[in-house]
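Reader: Could you walk me through this one? I would like to see the reasoning behind each label.

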Amino acid sequence: MARKQEIRHSSPAMNIWSGVLFGIGLMALIDEIIFHQLLQWHHFYDLSTPFIGILSDGLLNAFALFALVAGLFMFADIQRRHIAHMRMWSASLFLGLGGFQVFDGIVNHKLLQIHQVRYGVEILPYDLAWNISGLILLIIGTVLFTQARKRMKTSEAR
């Protein structure tokens with residue numbers, strides 16, 4: 001009985017952390033590949049030389065890869081232990097995706113001003129698209145998370 005209770009209490013946290021880390025890593029890689037490399041709209045840190053900008057992109061890539069791999073290893077572990085809750089994990093994935101996007105848009109773009117979405121254009125439409133897309137991902141994650149918790153509570157009551 002103690003083992004079943006331990007699994008019941010530990011698996012939601014492991015599912016959540018795995019999904020969030022994977023989501024953060026995935027969105028950081030999407031940002032890095034599309035906006036930093038392919039479109040070349042900005043670097044992670046644009047307040048210095050191009051060398052520092054590219055170096056900061058490399059550090060962001062390293063962080064993104066670490067988060068992605070850590071999330072995958074955690075996911076493999078919860079799968080192996082048969083405690084994966086795919087609805088909870090999927091909700092957490094969206095929370096990680098949206099959390100990274102909103103953090104980047106508000107903290108990095110506006111508060112710290114270490115880079116903007118794009119330079120040489122009217123920035124408001126880009127900022128709105130960036131932050132609204134992040135909020136949509138967070139809303140999806142929140143709705144899925146609420147549904148997953150209700151399902152988990154219903155199945156625990158049985």
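Reader: How many of the residues of the chain count as buried?

Author: In this predicted model, 37% of the 158 residues count as buried. The label applies under 20% relative accessible area.

Reader: What makes Asp127 buried or exposed?

Author: Asp127 has a relative accessible area of 9%. Buried means under 20%, so Asp127 is buried.

Reader: And why is Lys110 called partly exposed?

Author: Its relative accessible area is 35%. Partly exposed lies between under 20% and over 50%, so that label fits Lys110.

Reader: How do you know that Lys110 forms a salt bridge with Asp127?

Author: The closest N and O atoms of Lys110 and Asp127 are 2.7 Å apart. The cut-off is within 4 Å, so the pair counts as a salt bridge. This pair links distant parts of the chain, with Lys110 in helix 3 and Asp127 in helix 4.

Reader: What joins Asp77, Arg80 and Arg81 into one network?

Author: Salt bridges that share partners do. Asp77 meets Arg80 at 2.6 Å, N to O, and Asp77 meets Arg81 at 3.5 Å. Both values satisfy the 4 Å limit, so both pairs qualify. Asp77 and Arg80 lie in helix 2, about one turn of the helix apart.

Reader: Why is Arg80 called exposed, while Arg81 counts as partly exposed?

Author: Exposed means over 50%. Arg80 has 57%, so it is exposed. Arg81, at 26%, falls in the range in between, so it counts as partly exposed.

Technical notes:
Residues numbered from 1 in each chain as written. Predicted model: local features only at pLDDT ≥ 70, side-chain atom pairs only at ≥ 80, totals over all residues. Heavy atoms only, no water. Buried < 20%, exposed > 50% of the residue type's maximum accessible area, 1.4 Å probe, protein only. Salt bridge = Lys/Arg side-chain N within 4 Å of Asp/Glu carboxyl O. Helix = DSSP H or I, 4+ residues; strand = E, 2+ residues; numbered from the N terminus.
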